[in-house]
Amino acid sequence: MAAHTASRTECPSTEALAVLVHGSSPDIDQDPLAEHVGECVGCQSQIAALATQGDPVLSDVVRHIDRSEPASDSAFWRALKKAEVAVTQLYPDSDEQRSADLKLDFLQPTDMPGHIGRLGTFEVVAVIGRGGMGVVLRAFDPHLSRDVAIKILDPQWANNSTARQRFCREARAAAAVTHDNLVAVHQVTEDEKSGLPYLVMQLINGESLEQRLRRIGKLSPTESARVGMQAAAGLAAAHANGLIHRDIKPGNILIEAATGKVKVTDFGLARAAEDLKLTRTGFVAGTPLYMAPEQAHGEDIDARADLFSLGSVLFESLTGHPPFDGKTPLAVLRRVADEPHARLRQLNPEVPAWLEEIIDKLLSKSPDDRIQTAIEVSERLAQHLSHTDIHAPLEVPPEACLLGLMKRSSRPGAKVRKRFCAKTAAIVGVVFAVGMISGGVGVWEFAPRATESPVTAATPDFLLPLSPVKVDEGPEPKWRLQALNGSIWSVALSRDGKMAAIGSENGRVGLWDVSKERLLYVFHTDKNEQLPAHKGPVWAAEFTADGTQLITAGDDGAIKTWDVVNGKKLKDFPVGSPIRSAAISKSGNYVAIGDRIGQVRVFDMAHEEMVLEYEQDSTVNGVAFSADELSMASVSTDGTVVLRQIAGDRPRQWSVKAAHSGPVYGVSFSPDGDRLATASWDQTVIIWDTGNGTVLRKIAAHEDGVWVAQFAPCGRMVATAGQDGKTKVWDADTGALLETFTRNKGTVHCVRFGKVGTENAFVTGGRDGIARVWETKGCRKEGVTHAEERK
């Protein structure tokens, strides 16, 4: 018989039992040991002795641990103190220390500069983190031209069958369900060279809720409800597939930087609902601060345990600390099991009563007293949000809309995002009708939009056209520039039209020779040429007037100046908070930024000082300067459009909220500064009079949300683009459609006009990571601006 294993009749050695207690050797198969100990009273006693190190008082406590709470003068409390100290010393090494000690021998050499190795067909860029049994890597998939995250079994557990089984179970759990609010798993495989199993996942450019709370302290009630609504929708999809997460915590809730979309990740503790039996050794998995009482007791659990954990997360997001805490894990578990949580509104009076009521229900000690399903949690939050905030359709789980409409069919007057939910219900109604006709009954899965996720759901046969339809895809781009492994959020063109700077979602900025379609170099820091220019999406980029420098602004809250000749950083100007939108004036003298809490600031870059500051009521999605740099405009999620004067003797200041019926994402001035164009998720573009804030024209521009509206240099045309992947050019005066460009594969985030071979050209960039240069027919009178033509 192999060493350190045991049958049902043979007890293992003391050394093997010690391994089971401390988990100190990755080379020992622990499953047979645990199975034997679960049935052997003698071994259970020996384990108790090993765990208590022979302390008679502590051993007595362990034997009678199921008794009611002892008196205050009992030796139990002294023993508990010793146990708590022992528990806190089990894992002294931090994740950072373990990551620093990690050996990457399992990676194959690579020829790619800036990469640390190759795993299968993937080029590995960096180590993201290390924890539990896995190592998470940032990598690039050359076949699909996208960044990915790879979670591979930690090499130290390579020969441990238990670890391999648990890791593979995690991979199967994560891959078993697809939903827009869950991190997508693209592939589960095994490395041929090292034999290590790994899973390839969607890479989320953003931060975890834990990181955000550490950075800003707490969320607003609206933002907290949004996070809860989306996280609950993701959990509902997992629960529908028989999976319970069991470790919902702020660190496992990710928030995309670009969209604010929530993604639940790390199914490391997930099990099939029918496979939740615990052995008699009493091991409990999960994070104590967010663990449900029944989970803390080691009892069988169901999906409602995840809802308790979600309630704990929402409580912390509103107060800055979890509902149950303590100096040690055992103290926390005792509070979770026995003590009520503090009143939420006493800790944060800004929390509305309806949100406190939902969280109180989620934190009920008994599962029967909680809200019973995750989808009901999502629906309740969506319903209340509809009365307090306008949010983009991508933020509203369609399941919540459908369930809400079904429930509210007998409640006249109630609505949740009426237009969007009605559209969703109509689509689902067609699918449901077809299913009923065919006699099938089942659970329908709501697939994410193809443009919002690398995983594209197959179209059902009954929705396919009966015969092939030839579609006119429009003109081909003149040049194509492949970005640096990520979606494009900003493009800058040099004044002579020879070079383009492209800012990506992964923080990298590259300089391109446009006509040769060749990457010249990547802008880098002085210390490390492989680090990206920014941490997170690059929202804006602009060449200075003389063309020798480039200015960029990123999600990491930094404005940076770069030398165009060699790509080195010249100046770093931190602004103190993450940026959601940015604009750089034509000369490079001013930079405007907007953030997720509604703050707008304008900086004079020459003097490095703030010259203007104001606030809006929600996330600022877009900012823009007038060509004369005297005015600026900003737009936000609640549909508000604001204009402010920076300098000059022509005072203009106004704010309008009701013109768009959805979030506004794009904004630009006409060259003469007399008009403003805004783009909204309501599928429209509005042309404004900047003098008084009146609407000159409203254009039904696209069949889906519009991200950008950009005036051409002549002022006669305005280009629009968005979620449907199309770019359209309109007559700004009449609203007539002039041209349509459809070669983009996915959402288009940015459009820039400029001199690229011809003045009648523009560049588009978006989710597919390719910047395309297009020629356009241009204005009616070549070289004449709109203002000159009107004169």
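Which residue lies over the face of Tyr 614? In this predicted model, that residue is Arg 644, at 4.9 Å from the ring centre. A second arginine is placed over an aromatic ring. The charged end of Arg 580 sits over Trp 539, 4.5 Å from the centre of the ring.

Trp 539 also takes part in contacts between rings. Ring pairs join Trp 539 with Trp 489, Tyr 665, Trp 681 and Trp 707 in a cluster. The arginine over Trp 539, Arg 580, thus brings a charged end to a ring of this cluster.

Aromatic pairs were then examined across the model. A search of the whole structure returns 14 of them. One of these pairs is formed by Tyr 665 and Trp 707. The ring centres of Tyr 665 and Trp 707 are 4.6 Å apart. Their planes meet at 40°, and the pair is tilted. Tyr 665 and Trp 707 come from distant parts of the chain, 42 residues apart. Tyr 665 belongs to strand S29, residues 664–669. Trp 707 belongs to strand S33, residues 706–711. Both partners have low accessibility by the cut-off used, under 20% for a buried residue. Tyr 665 counts as buried because its relative accessibility is 9%. Trp 707 counts as buried because its relative accessibility is 6%.

Phe 753 and Phe 762 make a further tilted pair. Here the centres lie 5.4 Å apart, with 55° between the planes. Phe 762 has 0% relative accessibility and therefore counts as buried. Phe 753, at 12%, counts as buried too.

Strand S33, which carries Trp 707, is also part of a sheet. The sheet is open and consists of four strands. Their order is S33-S34-S35-S36, and the pairing is antiparallel. S33 lies at one edge of the sheet, and S36 (737–741) is the other edge strand. Each edge strand pairs on one side only. From one strand to the next, the twist averages 20°.

The pairing of S33 with strand S34 (residues 717–722) runs over five bridges, in the antiparallel sense. Within these two strands, Val 706 stands opposite Gly 722 of S34. Strand S33 therefore has two roles in this description: an edge strand of the sheet, and the strand that supplies the buried Trp 707.

How values were computed:
Residues numbered from 1 in each chain as written. Predicted model: local features only at pLDDT ≥ 70, side-chain atom pairs only at ≥ 80, totals over all residues. Heavy atoms only, no water. Phe/Tyr/Trp six-rings, centres within 6.5 Å; stacked < 30°, edge-to-face > 60°. Buried < 20%, exposed > 50% of the residue type's maximum accessible area, 1.4 Å probe, protein only. Lys NZ or Arg CZ within 6 Å of the ring centre and 35° of its normal. Pairing = 2+ DSSP bridges. Axes fitted to C-alpha atoms, helices over the stretch in contact; angles between N-to-C directions.
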